[in-house]
Amino acid sequence: MTKITVAKGDGIGPEIMDATLEIILAAGAKIEIEEIEVGEKVYLAGNTAGIAPEAWDTIRKNKVFLKAPITTPQGGGYKSLNVTTRKFLGLYSNVRPCRSLHPFVATKHPIMDIVIVRENEEDLYAGIEHQQTDEVVQCLKLISRPGCEKIVRYAFEYAKQQNRKKVTCFTKDNIMKQTDGLFHQVFDEIAKEYPQIENEHWIIDIGAAKMADTPEAFDVIVMPNLYGDVLSDVAAQITGSVGLAGSANIGEECSMFEAIHGSAPRRAGQNVANPSGLLQGAIMMLNHIGQTQVAEKVQNAWLKTMEEGIHTYDIFKEGISKQKVGTKEFAKAVISNLGHMPTILKPVFYANNSALILPKYNRSTPKNKELVGVDVFVHWSGSDPNALAIHLQKIESKGVKLSMITNRGIKVWPDGFKETFCTDHWRCRFKPDEGVEMKKSTIIELLQNAVRENIDTIKTENLYNFDGKAAYSLGQGQ
Ligand code: NAD
């Protein structure tokens, strides 16, 4: 018996959760349910996180959490409970299998069986944003080596366990050489440990186009958070419906399972919603807690039901479907198919699908880190970069000189183009002359001089070489 935390959520949540629990309990799931309240009611009661402290205690104690979709009220500073849960509980891996059910669910992609493994904790979702000038806001994109290692290893271990043949990595490292570059580099390093699994890297733009057009070319795809967020919805949608996909959020200690869709408030309380997405989440949960036989039984019964054309409104299609049913009737149909196998769709065998146990991250020996300059960001409303440069040269100190100014990443001084559009946000790079040592104290002097010269500095970024290699971006056009 495994104790799990359940949240019935908002909108269609309670109906699809009841249907899901009814099916898995009928299949013999050995679970004890502890229910918590999260979502709209909690938000509207004034808790901007959408969850009470006692509910966190329950989730952390039971470690396995089955969650129905919730409604995040618009405006009012309400924080997304999903993002908070993933980050608080260290659920670094988001796994979304997307398989088409041709010819039973209409899709342009009859042969599609891909799994998106999305990094779940970092990237632009660190949520560190600042307005820096009148015209410019920024969002920090944070990518860490442990974050990359954990997710990439998870993707390869998952592929190995599931007998999948290939892991593809999507990044935009031709542009983001440091952040996406690290993700790609770690992918290449870890891929070498799995010679039996094919590996490849695609630039995300053409990779996404290819995935949407020819999904059969892919198997497991691993990617940073934001790309994974977008593309896992695309992948689910092109199988026929986002209503069919579930997702697992896996951490070292805790895990959360859910449908990928939202709370569909307009459909709430009408017994029409498709419980399949949440059921898929629950099947992943059963595998995760080692109840693989129950998971297999439920999945095969679900496939059989889909094959029989017993469909909820969202996937019902005249000529393909046989019977349009509501949420409860769909659940009954799946229950009556428990113990039966699909005959046309490929049945599943989950003997070996329990939770993956990954090695702990090992911090490697620190590299030799050398300060080699500083980028001072300046709020300035002028338009001529040469005028700004003359002003900035007055703050130079101890052989540390202004070497470049960029605006939104494009070099505008020295030798900029007059056509380049400039905002009021300037990155001003200071580097030491040949033979001069760059010191932290010099940065402070530069900033003090800027105060004296009435230059509005908004932040600094130190420039480092790691093991002699420059670890910062050049100006575009530099
Ligand atoms: P949604 O996924 O709720 O609905 C999108 C469309 O798909 C709607 O037309 C809906 O009727 C349909 N649909 C979704 N699930 C269905 C199902 N199981 N059966 C039949 N039809 C289904 O997306 P939305 O309308 O953008 O968001 C509604 C609310 O859900 C928002 O408050 C949003 O914040 C929240 N949301 C929650 C989660 C989550 O809890 N994981 C995820 C996404 C959105």
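Here a biologist and a modeller talk through the cavity, the ligand site and a pocket of this predicted model.

Biologist: How many cavities of 30 Å³ or more are there, and how much space lies in the largest cavity?

Modeller: Let's start with the count, which comes to 1 cavity of 30 Å³ or more. The space in the largest cavity is about 40 Å³.

Biologist: Which helix gives the largest share of the lining of the largest cavity?

Modeller: The lining is made of V83, R86, K87, R118, N120, Y125 and N225. By class, that is 2 nonpolar, 2 polar and 3 charged residues. With 3 residues, the largest share comes from helix α4 (residues 81-88).

Biologist: Where does the largest cavity lie with respect to domain 1 and domain 2?

Modeller: Look at who contributes to its lining: domain 1 (1-90 + 240-350) gives residues, and domain 2 (108-233) does too. The largest cavity therefore lies between them.

Biologist: Let's turn to the ligand. Which residues around the ligand come nearest?

Modeller: The shell around the ligand holds 7 nonpolar, 7 polar and 4 charged residues. Of the 18 residues around the ligand, the nearest are I70, G262, A264, N274 and Y313.

Biologist: How far is an oxygen atom of the ligand from a polar backbone atom of A264, and how much of the ligand's accessible area does the protein cover?

Modeller: Some backbone contacts are worth finding in the structure. A backbone N or O atom of I70 is 3.0 Å from a ligand oxygen atom, and a polar backbone atom of S263 also lies 3.0 Å from an oxygen atom of the ligand. For A264, the distance from a polar backbone atom to a ligand oxygen atom is 2.7 Å. On its own the ligand has 810 Å² of accessible area, and the share covered by the protein is 67%.

Biologist: Which residues lining the second largest pocket are closest to its centre?

Modeller: This pocket holds about 1,200 Å³ of space. Of the 50 residues in its lining, the closest to the centre are D113, Q162, R164, V348 and Y350.

Biologist: Which element supplies the largest share of the lining of the second largest pocket?

Modeller: Several elements each supply at least two residues, among them β4 (93-99), β5 (113-119) and α5 (145-161). By class, the lining has 30 nonpolar, 14 polar and 6 charged residues. The largest share, 5 residues, comes from α9.

Biologist: And where does the second largest pocket lie with respect to the two domains?

Modeller: Both domain 1 (1-90 + 240-350) and domain 2 (108-233) give residues to its lining. So the second largest pocket lies between them.

Note on methods:
Residues numbered from 1 in each chain as written. Predicted model: local features only at pLDDT ≥ 70, side-chain atom pairs only at ≥ 80, totals over all residues. Heavy atoms only, no water. 1 Å grid on protein atoms, 1.4 Å probe; cavity = no way out; pocket = protein on both sides within 12 Å on 5 of 7 lines; lining within 4 Å. Points joined across faces, edges and corners; volume = space filled by probe spheres on them. Helix = DSSP H or I, 4+ residues; strand = E, 2+ residues; numbered from the N terminus. Nonpolar A, V, L, I, M, F, W, Y, C, P; charged D, E, K, R; others polar. Domains from an automatic or database assignment. Near = heavy atom within 4 Å. Polar contact = N/O pair within 3.5 Å; in protein donor to acceptor, adjacent residues only side chain to side chain. Areas by Shrake-Rupley, 256 points an atom, 1.4 Å probe, with all protein chains shown as cover.
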